[in-house]
Amino acid sequence: MTTLLVKHIHTLVTMDSQRREISDGAVFVRDGVIEAVGTLAEMPAQSADRVIELRQHVVMPGLVNTHHHMYQSLTRALAPDAELFGWLRTLYPIWGRLTGEAVYVSAKLAMAELILSGCTTSSDHLYIYPNDVRLEDEIRAAQEIGMRFHAARGSMSVGESKGGLPPDELVEGEEAILIDTRRVIEAWNDAKRHSMLRVVVAPCSPFSVSQHLMRESATLARSYGVRLHTHLAENANDVAYSLEKFGVLPGDYARDVDWVGDDVWHAHCVMLNEREIGLFGRTGTGVCHCPSSNMRLASGIAPVRKMLDAKVKVGLGVDGSASNDSGHLLTEARMAMLLQRAGGNPAALSARQALELATLGGAAVLGRDDIGALAPGMSADIIGYRVDTPAFAGAQHDPAAALVLCQPGTVDFSMINGKVVVKDGHLLTVDLPVLLEKHNQISRRLIRGD
């Protein structure tokens, strides 16, 4: 058994049930699990195997990213002025050249970016499988870099010839999709508490899969007790497609194909009306809010305040690195706060409520009760930002609010599952310059079509 004491923390933002914020705080960790949180006097009497002092840090739970497309880090800044459908049509042919190596390298780069922004747990929605691409390409990256990971086995089965959006050459047969989804669940899903790897069943979207596949995927996921994830109601064209093809609004479509419930979360949900929001609240259905991507693609502003008032579980997502085009999760918390205020109500979302979306909200969306807060029994996913930096200048009286309002760039310290992965601002689990060079080489070849 190994123990770790983090002490003399400038400000400890616990996100626990009392939302305690502790000056000169401390955390005691045993074998990757938090044993005590409070002042130094409240820590166990025994000496820890390792002691870390964070006197100039605001410390909080690791952030939780609930929606991403990590392979898109290879294709940033393309179709910069397009809306969703036009953007996808531009990029589908490029993504069709992806290889397993490209997915592995891009996932590791995306994870590095997330970790440096303060994220310790991420889901990723990989829905395109050309050439030799497999879900294992991302899983290997997560295991090597040390990120807590929810690998979503996405899929597309309805191509242009059948009225879908993606090119026919990028879709898979539905039986093959279900067989491979079953395979990766059985091979990789770890349902235990403090798990570092879980598998999610994730058909891509209403405009790229059939109702049959949605229903069969729900049945498959529930037979294994794993979660369900897809895109929904992302913009006006998405809603129009649902009305034309299925005769119902997106929320009703989700209900009709058995995609509501506390084991389901949908990405975006920009265009849900109040009745659909009520359905999600009553059924425990979760939503991932992707504010920067929604703005980049001009999709609109998701009604997050209404969702929270209706008791909908809401987390945050950076979304794909080609529609954001960043992977900084703390930025998403800030954007979420500002967008809800843009309607004219400065109290629509507070800085601390935005932090809740990025921590406890994301944990709830992913169905986890072991991350999102610093409290006894929780996973030791702990991050720290230095407060003796320009971002916190003039905000020493409230470092917790400053995390969102003043926007620090990167973490100085990060621990995942009790293991330090960022120290003094440096990511320890990957050679970042080497990774960047390899990533950019692949990106250039991919975009040129070499």
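Is Ser 157 buried or exposed? Ser 157 is buried, with a relative accessible area of 6%. The legends below start from this residue. The model is predicted.

**View 1. Ser 157 sits in the loop between S8 and H4.**
The side chain of Ser 157 makes a polar contact with that of Glu 174, at 2.8 Å. Beyond its neighbours within four places in sequence, Ser 157 touches Val 171, Glu 172, Glu 174 and Ile 177. The other contacts of Ser 157 in that list are Ser 208, Val 209, Ser 210 and Leu 213. Two of these partners return below. Glu 174 belongs to the H4 side of a helix contact, and Leu 213 to the H5 side.

**View 2. Glu 172 and Arg 153 form a salt bridge.**
The N to O distance is 3.0 Å. This pair links distant parts of the chain, 19 residues apart. Glu 172 lies in the loop between strand S8 (148–155) and helix H4 (174–188). Arg 153 lies in strand S8. Arg 153 is buried, at 3% relative accessible area.

**View 3. Arg 183 and Asp 180 pair within helix H4.**
Their salt bridge brings the closest N and O atoms to 2.7 Å. The two residues are three places apart, about one turn of the helix. Residues three or four places apart in an α-helix point the same way, because there are 3.6 residues a turn. Their accessibility falls in separate classes. Arg 183 counts as partly exposed, at 29%. Asp 180 counts as buried, at 18%, because the cut-off for buried is under 20%.

**View 4. Asp 369 and Arg 193 form a salt bridge.**
The closest N and O atoms are 2.6 Å apart. The partners are 176 residues apart, so the pair links distant parts of the chain. Asp 369 is in the loop between helix H12 (351–365) and strand S14 (382–386). Arg 193 is in the loop between H4 and strand S9 (197–203). Asp 369 is exposed, with a relative accessible area of 56%. Arg 193 is partly exposed, at 40%.**View 5. Shared partners join six residues into one salt-bridge network.**
The members are Arg 134, Glu 136, Arg 153, Glu 172, Asp 180 and Arg 183. The pairs in Views 2 and 3 belong here: Glu 172 with Arg 153, and Arg 183 with Asp 180. Across the whole structure, a search finds 30 salt bridges.

**View 6. Helix H4 packs against helix H5 (residues 211–224).**
Their axes are 11 Å apart, at an angle of about 20°. The two helices are therefore roughly parallel. Their crossing is right-handed. H4 brings Glu 174, Ile 177, Leu 178, Thr 181, Arg 182, Ile 185 and Glu 186 to the contact. H5 brings His 212, Leu 213, Glu 216, Ser 217, Leu 220 and Tyr 224.

**View 7. Helix H3 (residues 136–145) also packs with H4.**
The angle is about 25°, and the axes are 12 Å apart. That makes H3 roughly parallel to H4. The crossing of H3 and H4 is right-handed. From H3, the contact uses Glu 136, Ile 139 and Gln 143. From H4, the contact uses Arg 183, Val 184 and Trp 188. Glu 136 and Arg 183 are also members of the salt-bridge network.

**View 8. Glu 138 lies in helix H3.**
Glu 138 is buried, with a relative accessible area of 0%. Leaving aside neighbours within four places in sequence, Glu 138 is in contact with Met 70, Val 103, Ala 107 and Met 111. Asp 124, Leu 126 and Phe 149 are also in contact with Glu 138. Val 105 is 33 residues from Glu 138 in sequence. In space, their C-alpha atoms are 8.5 Å apart.

**View 9. Helix H8 (residues 274–283) holds a run of buried residues.**
Glu 276, Ile 277, Gly 278, Leu 279, Phe 280 and Gly 281 are buried. What covers them includes strand S10 (228–232), strand S11 (264–268) and strand S12 (286–289). Helix H7 (250–256) and helix H10 (304–309) are also part of the cover.

**View 10. Asn 273 caps the N-terminal end of H8.**
A side-chain oxygen of Asn 273 lies 3.0 Å from the backbone nitrogen of Arg 275. Gly 284 follows H8. The phi of Gly 284 is positive, near 75°.

Technical notes:
Residues numbered from 1 in each chain as written. Predicted model: local features only at pLDDT ≥ 70, side-chain atom pairs only at ≥ 80, totals over all residues. Heavy atoms only, no water. Buried < 20%, exposed > 50% of the residue type's maximum accessible area, 1.4 Å probe, protein only. Helix = DSSP H or I, 4+ residues; strand = E, 2+ residues; numbered from the N terminus. Contact = heavy atoms within 4.5 Å. Polar contact = N/O pair within 3.5 Å; in protein donor to acceptor, adjacent residues only side chain to side chain. Salt bridge = Lys/Arg side-chain N within 4 Å of Asp/Glu carboxyl O. Axes fitted to C-alpha atoms, helices over the stretch in contact; angles between N-to-C directions. Parallel < 35°, antiparallel > 145°, perpendicular 65-115°, else oblique. Left-handed = near helix turned anticlockwise from the far one by under 90°.
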